[in-house]
Amino acid sequence: MSVNYKLVQKKNPMKKDEPAKWYAVPNSAKPLAQKAMTRAATTNTTMAPIELEAAMELLAAFIPQQLQQGHTVNVPGMGTFRLAFKSEGAEKIEDFNAGMMIKSPRILFTPAKELKERLLRGLSYENGGVLEAGVNYASLADYRKAKGLPTPAPGGTGGGTGGSTPGGSGGQGENPLG
């Protein structure tokens, strides 16, 4: 499975004096509409798409209810949802005010091991363009042409497809911004 990426130039916020570097970011497509997604997900099964839609709506109502009650929600085969937040500290316990000191509530999702393995197995990457200064170039070749840059020789380092393994070793060229 090949995943499209787009090259984007970013500065490292921890090293503002250094020049910006080019990083790969996922080139995400629009999500499928709910009906199209349930139709695709139930293909070659005995489940009707409307049944999957109903189950998903029930789950979407159930998860916030459980999180608000302080529960972690494990969706088998998908992963775990949990509530998290930041908090300011108080010198004395009686000075702690939850309404004023708890900040930034958010939902965290941790994918199940099986889901991660299915997704990441055999993953490869394909250049899906370049984004620079708000201009979206359809390909690296289009970017090079527009900028008057030479086209690399075949087999050179053109930033095309790569069979890089996900979850790399964190080398110096890795995107520090995610």
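A polar contact is a pair of N or O atoms within 3.5 Å; within protein, one of the two must be able to donate a hydrogen and the other to accept it, and residues adjacent in sequence count only if both atoms are side-chain atoms. One such contact, of 3.5 Å, joins the side chains of threonine 38 and glutamate 53. The model is a predicted one, in which local features need pLDDT of at least 70 and side-chain atom pairs count only at pLDDT 80 or more, while totals for chains, interfaces and linings use all residues. Residues are numbered from 1 along each chain as its sequence is written, and side-chain values use heavy atoms, with hydrogens and water left out.

The confidence of the prediction comes next. The pLDDT is the predictor's confidence in each residue, from 0 to 100. The protein chain averages 86, and 87% of the residues score at least 70. Over residues 158–173 the pLDDT is below 50; this stretch nevertheless has 24 contacts in the model beyond near neighbours in sequence, a contact being heavy atoms within 4.5 Å. Helices (H or I, at least four residues) and strands (E, at least two) are DSSP runs, numbered from the N terminus. Among these elements, strand 3 (residues 73–75) has the highest mean pLDDT, 97, and strand 1 the lowest, 88.

Strand 1 is a good place to start on the fold. Two strands pair if DSSP finds at least two bridges between them. Strand 1 (residues 2–10) pairs with strand 6 (residues 124–132) in the parallel sense, over six bridges. Within that pairing, tyrosine 5 has asparagine 127 as its bridge partner. Strand 1 also pairs with strand 2 (residues 21–26), in the antiparallel sense and over six bridges. Here leucine 7 is matched with alanine 24.

Asparagine 4 also lies in strand 1. Its relative accessible area is 33%, so asparagine 4 counts as partly exposed; buried means under 20%, exposed over 50%, and partly exposed in between (1.4 Å probe, protein chains only). Leaving aside neighbours within four places in sequence, asparagine 4 is in contact with Pro26, Asn27, Glu126, Asn127 and Gly128. Asparagine 4 and glycine 129 are 125 residues apart in sequence, yet their C-alpha atoms are 8.6 Å apart in space.

Which residues make up the largest nonpolar core? A nonpolar core is a set of buried Ala, Val, Leu, Ile, Met, Phe, Trp, Tyr and Cys residues joined through side-chain atoms within 4.5 Å. The largest has six residues: Tyr5, Leu7, Val130, Tyr137, Leu140 and Tyr143. Strand 1 and helix 5 each supply at least two of them. A second, separate core has five residues, among them Ile63, Leu67, Val75 and Phe81.

Charged side chains form further links. A salt bridge is a side-chain nitrogen of Lys or Arg within 4 Å of a carboxyl oxygen of Asp or Glu, and the structure holds three. One joins lysine 35 and glutamate 53, at 3.7 Å from N to O. Lysine 35 lies in helix 1 (residues 34–41) and glutamate 53 in helix 2 (residues 49–68), so this pair ties together parts that are 18 residues apart in sequence. Lysine 35 is partly exposed, at 48%, whereas glutamate 53 is buried, at 10%.

Threonine 38 sits beside this pair in the description, since its place is also recorded as helix 1. Threonine 38 is buried, with a relative accessible area of 0%. A polar atom of its side chain lies 3.1 Å from the backbone oxygen of lysine 35. Not counting residues up to four places away in sequence, threonine 38 touches Pro49, Leu52, Glu53 and Met56.

Another salt bridge joins glutamate 88 and lysine 103, the closest N and O atoms being 3.6 Å apart. Glutamate 88 lies in the loop between strand 4 (79–87) and helix 3 (98–101), and lysine 103 in strand 5 (residues 102–111), so the pair ties together parts that are 15 residues apart in sequence. Glutamate 88 is partly exposed, at 43%, and lysine 103 is partly exposed, at 36%.

The remaining salt bridge is between lysine 147 and glutamate 132, with the closest N and O atoms 2.9 Å apart. Lysine 147 is in helix 5 (residues 140–147) and glutamate 132 in strand 6, 15 residues apart, and the pair links these distant parts of the chain. Lysine 147 is partly exposed, at 41%, whereas glutamate 132 is buried, at 17%.
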